[in-house]
Amino acid sequence: MQRNHIIWIVAPILIVIVSIAGTLYYAVGNSRRKLIISTTTSLYDTGLFDTIEDHFEEKYPVDLYVISVGTGLAISHAERGDVDLILVHAPQKELAFLERGFGTSRKIIAYNFFAIVGPESDPAGIMDLTPNQALLKIVEYGRAQGVKWVSRGDDSGTHTKEKGMWTDAGLNWTSMREEDWYIEAGTGMGKTLQVADNLDAYTLADMGTFLKYKKDEIISLRTLVTQGEELLNVYSVIAGNMTRHPHLNYDDAITFIKFLISDEGQEIIYNFAKQDYGQSLFYPAVNLLRQNTDPELVQWIMNYSFFEGHECPPEYWGNHPELYP
Amino acid sequence: MLEFLENPILQITFRSLQISGTATLLSVLWGLPLGIAIGMRSFPGKPLVKGVFNALLGMPTVALGLILYLLFSKSGALGFLSFFPSTQAIIIGQSILITPIIISLATNAIESVDPEINDLARTLGASNTEASIAVLREAIGSVLLAIIASFNRAIAELGVALAVGANLRGNTQVLTTVIAMEVNRGNIEYSIQLTIILLMIVFAITIFTNLLRRRIK
């Protein structure tokens, strides 16, 4: 009878030992401080974040834990208190996030331009039109001839941008998405490009992912519309708010923000993959905004991604007003 | 000398083996005794219990991943554990995922053993545990197969590892999450290399088990 009970005693003990050993292994293996970041996929999938991470971890005793998700999910991670910091590119969502009280210390770090890409044959003839004209043409040819448009459809920054562009062009996105030519991929940029490529369709692409796929000859789509204020894409970093989630690593989040906006951080962004593609994938925004070197572009950035004239309204500065000289 | 251990592919592969191995070990620790108990005894509601575990065999990994994320998230019920994102969370998730496999297959294996073996052992004066061991010895081949099927399911799943591990570089990346990420990044070749490793692990372990089963029989 005694031996009957042995297994019921031994098993739980073993489970406890394994669990404790695992936790210790985890804790001891990570004596450095931890900064958890959710970043938009375009910054991560291009490899830029790997480079930033290497430079930052070399300089500070902090380990970056980087989660690559769309802007929508990054914001929801921050609201649930799962991450210390987010890197995103959807100004309207960022403002709502700040207003709900979950974010502080927003800084604009970089910008680039989206591109409307499509098949080599360009059936709708949108080449070098303005973005608004191009979208109207695509709708016209979509309805008349079934030329397809593929949308990210995943609530990411790029998807948010796309919806905004339809609205700016005077179209109603909610009713349009029910039409046959309008396809929602519900996935990341890479997959969306592949879907568009296979369907000979048009789509809105971030240049980083597009150039990568193009260079590796995964897709045969080409850029058709690349100019215009409407295509501006602005990346910002926002720290989580300690008053909502006291456990957050706010100090290291600020250190990381300061690193990103420092000359060193901005250099890394500018030089990233420049040699591979013959052009920068992301352009640093900090000195541009501070010194107003290109007034037209600065005006575009302010129109698109400033809130009442501020990159971060003073009530969301947190304890670090020095970020906003 | 040990520089090759720094190789990211090796690290990811070892981490996959370690996580799914630990998950399998844990689910064997609690699942096997439970499976044997259910298999050897008859009690009211037994078909219901078996039905529940059979139904859980088909648990979609995205569903389990979402549930666990909501539990482990800082705003979730178990948020104080700080398990999101971590390898422990993947281990727990995978072990929950495969426990029904162990229990169901072990129960079936035990039930298919001739009941006379149990009776015979007892007439020869065996205790409950000794009789269990005698029955288990007869069913060992099928139980091994259950364990391997569980391990393969664990190492091949993506939903849980992505949801609660979040594919952190050098930290919670496992083979499946890296394959998914590298496909997104357009690094198809690298994804293929990792896919081959994953397939080799699954096939090698299955073949090894089959050989082992033959030797036991």
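**Helix H6 and its surroundings in chain B**

Helix H6 of chain B, residues 128-156, carries a kink of about 65 degrees centred on Ala139(B). The model is predicted.

**Exercise 1.** Find which residues of H6(B) are buried, and which helices they pack against.

*Solution.*
1. Start at the kink centre, Ala139(B). Ala139(B) is buried.
2. Scan the rest of the helix. Ser132(B), Val135(B), Val143(B), Ala146(B) and Ile147(B) are among the buried residues. So are Ser150(B), Phe151(B), Asn152(B), Ala154(B) and Ile155(B).
3. Look for the partners. The buried residues of H6(B) pack against four elements of chain B: H1 (8-40), H4 (87-111), H5 (115-123) and H9 (188-216).

**Exercise 2.** Describe the fold of chain B: how many helices and strands does it have, and what share of its residues is buried?

*Solution.*
1. Count the elements. Chain B has 9 helices and 0 strands.
2. Test burial, with 20 or more other C-beta atoms within 10 Å as the cut-off. Of 217 residues, 41% count as buried.
3. Check the contact range. Take contacts between residues at least 6 apart in sequence: 75% of them join residues at least 24 apart.
4. Box the C-alpha atoms along the principal axes. The box is roughly 65 × 45 × 30 Å.

**Exercise 3.** Work out what chain B brings to its contact with chain A.

*Solution.*
1. Count residues. 26 of chain B are in contact with 28 of chain A.
2. Assign elements. H1, H4, H6 and H8 (175-185) of chain B each give two or more residues to this side.
3. Find the top contributor. H1(B) gives the most, with 6 residues.
4. Sort by type. The chain B side has 11 nonpolar, 12 polar and 3 charged residues.

How values were computed. Residues are numbered from 1 along each chain as its sequence is written. Chains are lettered from A and ligands numbered from 1 in the order in which they are written. This is a predicted model: local features need pLDDT of at least 70, side-chain atom pairs count only at pLDDT 80 or more; totals for chains, interfaces and linings use all residues. The bend at a residue is the angle between axes fitted to the seven residues ending there and the seven starting there. A residue is buried if 20 or more other C-beta atoms lie within 10 Å of its own, exposed if 12 or fewer, and partly exposed in between; C-beta atoms are placed from the backbone. Two residues are in contact if their C-beta atoms, placed from the backbone, lie within 7 Å. Ala, Val, Leu, Ile, Met, Phe, Trp, Tyr, Cys and Pro count as nonpolar, Asp, Glu, Lys and Arg as charged, and the others, Gly among them, as polar.
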